[in-house]
Amino acid sequence: MKHPSVLSVRSFFLYPAFILLIIVLCLNSSFVSKSFAEGLVLWYNNLVPLLLPFLLISGFFLPMIDWEHPNRAGCLILLFLCGLLCGYPVGAIAIGRLYRNQVISKNFAHAIMPLCNNISPMFLMGYVCNQYLNGQINIITVLAVIYLPQICYAVLYYLISKTALHISPFTLSEYAATRNESNAPSVIENSITTITVIGIYVAVFSVLYDLVIACGGNIPTFHILACYLEITKGLSELSVFPLSSIQKTALILSVTSFGGVSSLFQSMHILKDTKLSFVRYTFGKCICAVFSYLMTLLFLNYRI
C-alpha cells in the first residue's frame with residue numbers, strides 16, 4: 001500500500017499538469033484536431049492493413065492452446081513467432097496470455113518483452129527499408145542492428161535476474177491464471193477493439209509529437225527527441241532532417257528499434273492487468289535503441 005504522502009505529492013503535480021494540458025488544448029483546438037486527424041490517417045493507411053491480419057491470426061491460434069496442460073516448448077515457439085513476425089502489440093498479447101496462464105515467469109516475461117514485442121519484418125522491410133533507408137545499408141545488417149541488441153538484452157537480463165533471485169528457469173508466475181473464458185469476447189471483437197485502441201494511441205501521440213515540435217522551434221534536439229514519440233511520424237521527420245546520411249540512417253534504425261513511446265503505451269495497455277513493469281520494459285527498449293544507433297554508426301563508418 002502506498003504511503004499517503006506519496007499520493008499527495010503525485011496529486012500535487014498531476015492535477016495542475018492536467019489543468020494546464022486542458023488549457024493548452026482548448027487554446028489550440030484547430031492545431032490539435034488537425035494533428036489528431038493526421039494520426040488517424042497514419043494509423044489507417046500504415047497500421048491497420050499491416051497489423052489487423054496478424055491480430056486475427058494470433059487471436060485464432062492462442063485460444064487453441066490447452067491451458068490446463070500447456071506444452072511449454074510449443075508455447076514459447078508460438079510466442080517468438082508472434083513477437084518477431086506479427087508486430088506491435090501482438091507479442092504483448094502472447095506474453096500476457098502465457099504469463100496469466102503461468103507458462104512463463106515474471107522475470108522471463110520482462111527479459112523477452114523488448115525482443116518478443118517488436119516491429120514486424122513486413123513493416124521493417126516494406127516500410128522502413130524501402131521508404132527511408134534508400135540503400136544506405138543492406139537488409140542483413142539492418143536485421144543484425146535491430147535484433148542483436150534485443151537478443152543480448154533478453155539473455156543478459158534473464159541470466160542476471162535468475163542469478164540474483166535464485167529462481168529456476170521457468171518459475172511459475174505470481175499471477176493467478178484465469179481459466180474461465182466462456183464470457184470472453186470473440187476473436188474478431190478482440191481484434192477490432194485492440195486495433196481501435198492502437199489508433200487512439202497513435203492519434204494522441206501524433207498530437208504530442210506536433211506539440212513538441214511546435215514548442216521546440218528550431219532546436220534540433222527537440223525534433224530528434226520528438227521522433228521517438230511515434231514511429232511513423234518520427235521516421236518521416238528524420239528522412240528530411242538536415243543531417244549526414246550516416247547519422248540519419250543510425251537515428252532511423254534507433255527509432256525503429258525503440259518502436260516509439262506510442263507503441264510502449266499500446267503494449268502496456270494490453271498488459272495492464274498483468275502488473276508487468278512498464279519501467280523495465282521501457283528501460284530495455286531504450287538500451288536496445290542506443291545500441292542499435294551505435295552499431296549502425298560503427299558499421300557505416302567502418303565500411304567507409
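This is a short talk about the inside, the surface and a few unusual spots of one protein model.

Hi everyone. Before we start, please keep in mind that the model is predicted.

Let's begin in the interior. The largest nonpolar core has 78 residues. Which of its members touch the most other members? They are Leu79, Ile95, Ile104, Val128, Leu133, Val142 and Leu235. If you want to follow one helix while you look, pick α7, since it gives this core its largest share, eight residues.

Now to the aromatic rings. A pair of aromatic rings is described by two things, the distance of the centres and the angle of the planes. Searching the whole structure turns up eight aromatic pairs. One of them joins phenylalanine 108 and tyrosine 158: the ring centres are 5.4 Å apart and the planes stand at 90°, so we call this pair edge-to-face. For that label, the planes have to be over 60 degrees apart. Phenylalanine 108 sits in helix α5, residues 106-116, while tyrosine 158 sits in helix α7, residues 139-165, so the pair ties together parts that are 50 residues apart in sequence. Are these two residues buried or exposed? Both phenylalanine 108 and tyrosine 158 are buried.

A second pair is made by tyrosine 201 and phenylalanine 265. Here the distance is 6.4 Å centre to centre with 35° between the planes, and the pair is tilted. Tyrosine 201 belongs to helix α8 and phenylalanine 265 to helix α12, residues 261-270, so this contact ties together parts 64 residues apart in sequence. Phenylalanine 265 is partly exposed, because its relative accessible area is 34%. These two rings also belong to a cluster: Tyr201, Phe205, Phe265 and Phe278 form one aromatic cluster.

While we are in helix α5, have a look at histidine 110, which is also placed there. It counts as buried because its relative accessibility is 3%, and buried means under 20%. Histidine 110 and glycine 284 are 174 residues apart along the chain, yet their C-alpha atoms are separated by 8.7 Å.

Let's move out to the surface. Phe36, Leu40, Ile200, Val204 and Leu208 make a nonpolar surface patch of about 360 Å². Two elements give two or more residues to the patch, α2 (29-61) and α8 (187-216). Which one gives the most? That is α8, with three residues. Phenylalanine 36, for its part, lies in helix α2.

What about cysteines? A disulfide is a covalent bond between the sulfur atoms of two cysteines. How many disulfides does a search of the whole structure find? Zero. Take cysteine 152: the nearest cysteine sulfur is that of cysteine 288, 8.8 Å away, and a disulfide needs the sulfur atoms within 2.5 Å. Cysteine 152 is partly exposed, with a relative accessible area of 43%, whereas cysteine 129 is buried, at 14%.

My last stop is the backbone. Most residues other than glycine have a negative phi. Glutamine 102 has a positive phi of about 65° although it is not a glycine. You can find glutamine 102 in the loop between α4 (90-100) and α5, where it counts as partly exposed at 24% relative accessibility. Lysine 275 also has a positive phi, near 65°. Its place is in the loop between α12 and α13 (278-303), and because its relative accessibility is 63%, lysine 275 counts as exposed.

That's my tour. Thanks for listening!

Technical notes. Residues are numbered from 1 along each chain as its sequence is written. This is a predicted model: local features need pLDDT of at least 70, side-chain atom pairs count only at pLDDT 80 or more; totals for chains, interfaces and linings use all residues. Side-chain values use heavy atoms; hydrogens and water are left out. Patches are made of residues with over 30% relative accessible area and no salt bridge: like charges are joined within 9 Å, nonpolar side chains (Val, Leu, Ile, Met, Phe, Trp, Tyr) within 5 Å. Accessible areas come from the Shrake-Rupley method with a 1.4 Å probe; for residues, only the protein chains shown count as cover. A salt bridge is a side-chain nitrogen of Lys or Arg within 4 Å of a carboxyl oxygen of Asp or Glu. Helices (H or I, at least four residues) and strands (E, at least two) are DSSP runs, numbered from the N terminus. Rings of Phe, Tyr and Trp (its six-membered ring) pair if their centres lie within 6.5 Å; planes under 30 degrees apart count as stacked, over 60 as edge-to-face and the rest as tilted. Buried means under 20% relative accessible area, exposed over 50%, partly exposed in between (1.4 Å probe, protein chains only). A nonpolar core is a set of buried Ala, Val, Leu, Ile, Met, Phe, Trp, Tyr and Cys residues joined through side-chain atoms within 4.5 Å.
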